[in-house]
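Trainee: I am new to this structure and would love a close look at one part. Could you walk me through the salt bridges, and then tell me a little about the sheet?

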Amino acid sequence: MVSSRRIIYLDNAATTFPKPREVLEEMVEVYSNLGVSPGRGSYDLSMEAEERVMDIRRQVCQFFGGRDPERVIFSYNATDALNTLIQGLIRPDFRVVSSRLDHNSVLRPLHYFSRQGVIRLDLMPFGSEGLIDPMGASEAIRPDTSFVILTHASNVLGTVQPVERIGEICRERGIPLLLDVTQTAGRLPIRMEEWGVSAVAFTGHKSLLGPTGIGGLVLSPGLDVEATRFGGTGRDSLSLDHTQVYPQRLEPGTINVAGIFGLSAGLRYISSRGMENIYSKELGLARRLHNGLNSIKGVRVYPATLHDPWVPITLCNVDGMDPEDLSSILDGDFGIAARAGLHCAPLVHEDLGTSPKGGVRFSLGPFNTDEDIDQVLEAMARISRSR
Amino acid sequence: MERTTQTSPARQELGERVRQIVGREITFDGEGFFWDPHQWSEEAAKALAEEAGLKDLGEAHWTILRFLREYYFQNGRSPLNRQIKEGTGISLMEMEALFPGGIKYGARRLAGLPNPRNCI
């Protein structure tokens, strides 16, 4: 069933919707002409597809401030990329640092290895304003820490973490810093080499404005990740040993060619509109929303104050109302799509005191308007008054 | 009276338990939702409403509960938010206020339908 009613879509932290028409059109156009298995055959079309994919690796590498396009690895999403990264780095007796702000895509793989007794896991706390204190990070990152893996921005609070400072600490101590840039890629500049970041994990379908099913890793030349999945790569097929050569080392099986073309189109769309312009428009609306919600009696906003930089996410609750019910009312009565619950980041809610039911998250995208914010504020005021 | 059951690990993980409600054994999940919508009866709904602090189910309550059940059995799934509003003529905001526990833990649970387990 396809719904034709207009909704105010505010779940862009889950996936941006709608996608720019230009992105979808370009993806279909390129896939219609080059949708073959890239680099797997000696026929021209396969070689052309491989060349195009390599161009996109260069585009992605440049976008994230990486150094080597052959170390751009495509995956299905950020969770897939993070699992490839974490499982390919973990060794017995490793000590790993992450944070209580992180998403389950980081916490669950780490928790699994911690529970198995393979690693020791140290989770950095965050303050009442949703930020990790660099001084606290300096204490948590010990001489025997094997790597640090951290979200760049909280998917619950939108708070952007001081990764440049944490990167300096890691660089001084020779410890790799791995960054989950799911919520920041396409909004804030990411300079992995400049910041001393050894790897970034990204997804294509959020603020990079591509389709679902595409994400990836960009690895710094100093970081080696073991393959944990094996198969056909189009290289060294005579050998039963999986190739050690990047990017195929971490890309067994046919890659998501249509998704890669869509990702490239998303990056080009962002570049043509200007990332700063898109971000600044989203942020302006998000500020209005945050301040407006803060002024409604009976609405609690987390955190109450904003810090720059920030990604356009606002978490809130209405006193005495189940967040799932609040989300249902917003949807059914007002046509507003917002995400209720724990947002796959249970420790954030535990520390905010919003567990186990969580809150309602409004997350903005490039196509939201001033009218959307007016309507949300009016709806929230009416709902709050009804209590 | 309440007892746990010896069923599959998946159902145990969801906290399955059996209770006696108005003389009948009914299986619930850990959040108090009916496991089998066919075990529901108006008497069971009244008893569960009273447990939740709602002494009398009025006309508006029954309109909602009957709509939720009829839609479920006709379509094989629970109605969407906007379909509830269209089908009952009652806004979700009013519905939330009508049931102790609100929409999900009040209305949907008392209607005896399976737990709408969204990813939270």
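Mentor: Happily! Let's begin in chain B of this predicted model, where a salt bridge (a side-chain nitrogen of Lys or Arg within 4 Å of a carboxyl oxygen of Asp or Glu) joins the side chains of Glu42(B) and Arg66(B), with 3.3 Å from N to O. Because Glu42(B) belongs to helix H2 (residues 42–51) of chain B and Arg66(B) to helix H3 (residues 59–75) of chain B, this pair ties together parts that are 24 residues apart in sequence. Helices here are DSSP runs of H or I with at least four residues, strands are E runs with at least two, and both are numbered from the N terminus. Glu42(B) is partly exposed, at 30% relative accessible area, and so is Arg66(B), at 34%; the term covers what lies between buried (under 20%) and exposed (over 50%), using a 1.4 Å probe and protein chains only.

Now to chain A, where Arg288(A) and Asp374(A) form a salt bridge at 2.5 Å, N to O. This pair links distant parts of the chain: Arg288(A) is in helix H9 (residues 275–294) of chain A and Asp374(A) in helix H12 (residues 370–385) of chain A, 86 residues apart. Arg288(A) is partly exposed at 32%, and Asp374(A) is partly exposed at 38%.

A further pair is Asp144(A) with Arg142(A), whose side chains meet at 3.1 Å, N to O. Asp144(A) is partly exposed, with 39% relative accessibility, while Arg142(A) has 34% and is partly exposed too. Both belong to a network of salt bridges that also includes Arg95(A) and Asp122(A). Over all chains, the whole structure holds 27 salt bridges.

And the sheet? In chain A, 7 strands make an open, mixed sheet in the order E2-E8-E7-E6-E5-E3-E4. Strands E2 (72–75) and E4 (119–124) of chain A are at the edges with a single partner strand each, so one side of each has no neighbour in the sheet. Within this sheet, strands E3 (residues 94–99) and E5 (residues 147–151) of chain A pair in the parallel sense over 2 bridges; pairing calls for at least two bridges found by DSSP. There, Val96(A) stands opposite Phe147(A) in E5(A).

A note on reading all this: residues count from 1 along each chain as its sequence is written, and chains are lettered from A and ligands numbered from 1 in the order written. Local features need pLDDT of at least 70 and side-chain atom pairs 80 or more, totals for chains, interfaces and linings use all residues, and side-chain values use heavy atoms, without hydrogens and water.
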